[in-house]
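Reader: I am new to this structure and would like to know how its labels are earned. Could you take me through a few of them?

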Amino acid sequence: MKRIFKDQEFDLLIYQAGADPYKDDPLGKLSISIEGLKQRDELVLNISRKYKIPVAITLGGGYSKNIVDIHSNTVCSAQRIIS
């Protein structure tokens with residue numbers, strides 16, 4: 001994956017930070033923990049920062065009672081990593 005960022009120049013990274021993969025989502029089947037979703041967010045945002053690619057984040061999807069926590073984590077990670 002790193003090679004693609006070294007070999008190409010990107011104008012924008014669009015990140016759809018959905019909550020569907022969360023383990024308690026009744027429709028998603030990926031069974032990822034809240035901590036795993038935070039790690040996913042940090043991976044994407046760190047790549048954006050490392051390669052100086054502007055990022056647009058959309059918060060979408062999810063049917064669990066923890067959707068607010070999941071999306072709040074994404075926003076907090078973005079604020080910490082990109083700022």
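Reader: Why is aspartate 7 called partly exposed?

Author: Happy to explain, and please keep in mind that this is a predicted model. Aspartate 7 has a relative accessible area of 47%. Buried means under 20% and exposed means over 50%, with partly exposed in between, so aspartate 7 with its 47% is partly exposed.

Reader: What makes aspartate 7 and arginine 3 a salt bridge?

Author: Their side chains meet at 3.0 Å, N to O. The cut-off is 4 Å, so this pair counts as a salt bridge. Aspartate 7 and arginine 3 are 4 residues apart in helix H1 (residues 2-7), which separates them by about one helical turn.

Reader: And why is arginine 3 called exposed?

Author: Arginine 3 has a relative accessible area of 65%. Exposed means over 50%, so the label fits arginine 3.

Reader: How do you know that arginine 80 and glutamate 42 meet in a salt bridge?

Author: The N to O value for arginine 80 and glutamate 42 is 2.9 Å, and the rule asks for within 4 Å. This pair links distant parts of the chain, 38 residues apart: arginine 80 lies in helix H3 (residues 67-82) and glutamate 42 in helix H2.

Reader: Which labels do arginine 80 and glutamate 42 get for accessibility?

Author: Arginine 80, at 52%, is exposed, because the cut-off is over 50%. Glutamate 42, at 24%, is partly exposed, because buried would need a value under 20%.

Conventions. Residues numbered from 1 in each chain as written. Predicted model: local features only at pLDDT ≥ 70, side-chain atom pairs only at ≥ 80, totals over all residues. Heavy atoms only, no water. Helix = DSSP H or I, 4+ residues; strand = E, 2+ residues; numbered from the N terminus. Buried < 20%, exposed > 50% of the residue type's maximum accessible area, 1.4 Å probe, protein only.
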